[in-house]
Amino acid sequence: MSPPLSPLPSLRALVERTLTVADLVTEPLWTVDRSLPSADAASMLAARDFDVAGVAGEPITRQVTRDLLVRAKGSVGDVAIPILASEAVEKSLPLADLVEILRVREYVYILDNDRVRWLATRADLQAPAVSVVVLSHLVSIEVALSSLVTRHLGDAWFDGLSGARQEKVREIHLRKVRRNVATGLEDCLYFSDWMELAARTPSLRQALGFESRASFTGSIGAFANMRNDLAHGGTLLDGSTPGAAIDRFARVRAFAEQVWDLVEEQHERWDMYLATDLETADGQALTGPDGVQLSGKSTPIHVLTAWNPGSATRSLDENRTANEELRGLLERHGHVPVPGLGCSPDRRWCEESLVVTGMTRSAAAELADRFGQVAIFELTAKELLVVRSRDARVMRRRPRRATTAATTEPGGME
């Protein structure tokens, strides 16, 4: 089966995991000597607008806060407190995970080989690395919205733009054509155009959980300006408090997940999967009008394959070797897989599969995901379910002994 349509898994592997806490911190942790009078240390922190500092040592294991220093008498060493494990993270932590930590903590110590080396605070949200993470998700949202809008509105999507915007889009398109750039009108819209079209499309709005244009705009309408600001050197903190910036970061990531889930949910690939004819290797039909009767005791049945992972067409020998590896893994877990076959209704393509009972949906999906598969089939006495491998979500379902697949129809515009 072909790979996931959503770019988010690869995006997060490339951006969120490549950009780590180490890309955020540049200056070593500022420390004060333990013998320094607390009043002097408090003044030094205030001059730098620091709320916390490490206590000099190797390794650094203690800290002081400005509040403690102001209230106490004596030296730094008298008021220093330990740096707790819960207050520190490794420098290899994905940057996006750090932002979530800063939602509940104002600062966190950064470790290098178990030694405290740096301090990250909410002020670091203005770092370029954070902007890259957010901007990459905003670009992915734009791509998803363009797919959803054109699916819901069909060929009428261009009519949803104002006259001025239509004229501008045509100008951009003409300039590209004159430069011999192969492009369509949909490639000439701005992020704000797709946001406006989405807001004006009731079926799409509702699919995304917004009952009105006002609720859509109120929740995510600022994304277009955010994208423009970040693309032109702005930061997540511009015109925002750290807490609000973290909330914006979370909303962008969550909405990117939501729109791409909807793109996948409405993609015709799932209808194609739903139309698949399933049978055992000896020709016994599992689906369709001639499908064998199944009792509740024998279900659910799962149909898995290891053929052509990642949409890379492989040789027959490679596919069969992969299926044997899958069979061996199933058998080691106590299952008795039966050879099966999944074919398109016209029999133009078929994939050898394995039919297995006694598995949970989540276990079957997880195993298929390990073998690079997008989906598995689940059979009950009455239904055929298409289950997405990466999260065990049911994407399509129909009566098991019928042949009609579900479809999603385009909607209109306000």
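Select R327 and E324 in this predicted model. The two side chains form a salt bridge, with the closest N and O atoms 3.4 Å apart. Both residues belong to helix 14 (residues 316-332), and because they lie 3 residues apart there, about one helical turn separates them. Colouring by accessibility distinguishes the partners: R327 is buried, at a relative accessible area of 18%, whereas E324 is partly exposed, at 46%. The cut-off for buried is under 20%, so R327 falls within that class.

Next, select R348 and D346. Their side chains also meet in a salt bridge, at 3.4 Å from N to O. Here R348 counts as exposed because its relative accessibility is 75%, the threshold being over 50%. D346 is partly exposed, with a relative accessible area of 46%.

Now move to D193 and R165. What is the N to O distance in the salt bridge between these side chains? The distance is 2.6 Å. This pair links distant parts of the chain: D193 is in helix 8 (residues 191-199) and R165 is in helix 7 (residues 163-178), the two being 28 residues apart. D193 counts as buried, since its relative accessibility is 5%.

For a wider view of the charged side chains, select D261, E264, E265, R388, R390, D391 and R393 together. These residues are linked in a network of salt bridges. In total, the structure holds 26 salt bridges. As a general principle, side chains of opposite charge can pair when their charged atoms come close.

Then turn to the nonpolar interior. Which residues have the most contacts inside the largest nonpolar core? They are V134, L138, I141, W157, F223 and V259, in a core of 64 residues. Display helix 6 (residues 128-153) next, as this helix supplies the largest share of that core, 11 residues.

Centre the view on L138 and show its surroundings. Leaving aside neighbours within four places in sequence, L138 is in contact with F191, F223, M226, R227, L230 and V252. Among these contacts of L138, F223 is itself one of the residues with the most contacts inside the core.

Finally, select L326, L330, L367 and A392. These residues are included in a second, separate core, which has 18 residues. L326 and L330 can be displayed together with R327 to return to the starting point of the tour, the salt bridge between R327 and E324.

Methods:
Residues are numbered from 1 along each chain as its sequence is written. This is a predicted model: local features need pLDDT of at least 70, side-chain atom pairs count only at pLDDT 80 or more; totals for chains, interfaces and linings use all residues. Side-chain values use heavy atoms; hydrogens and water are left out. A nonpolar core is a set of buried Ala, Val, Leu, Ile, Met, Phe, Trp, Tyr and Cys residues joined through side-chain atoms within 4.5 Å. Buried means under 20% relative accessible area, exposed over 50%, partly exposed in between (1.4 Å probe, protein chains only). Helices (H or I, at least four residues) and strands (E, at least two) are DSSP runs, numbered from the N terminus. Contact means heavy atoms within 4.5 Å. A salt bridge is a side-chain nitrogen of Lys or Arg within 4 Å of a carboxyl oxygen of Asp or Glu.
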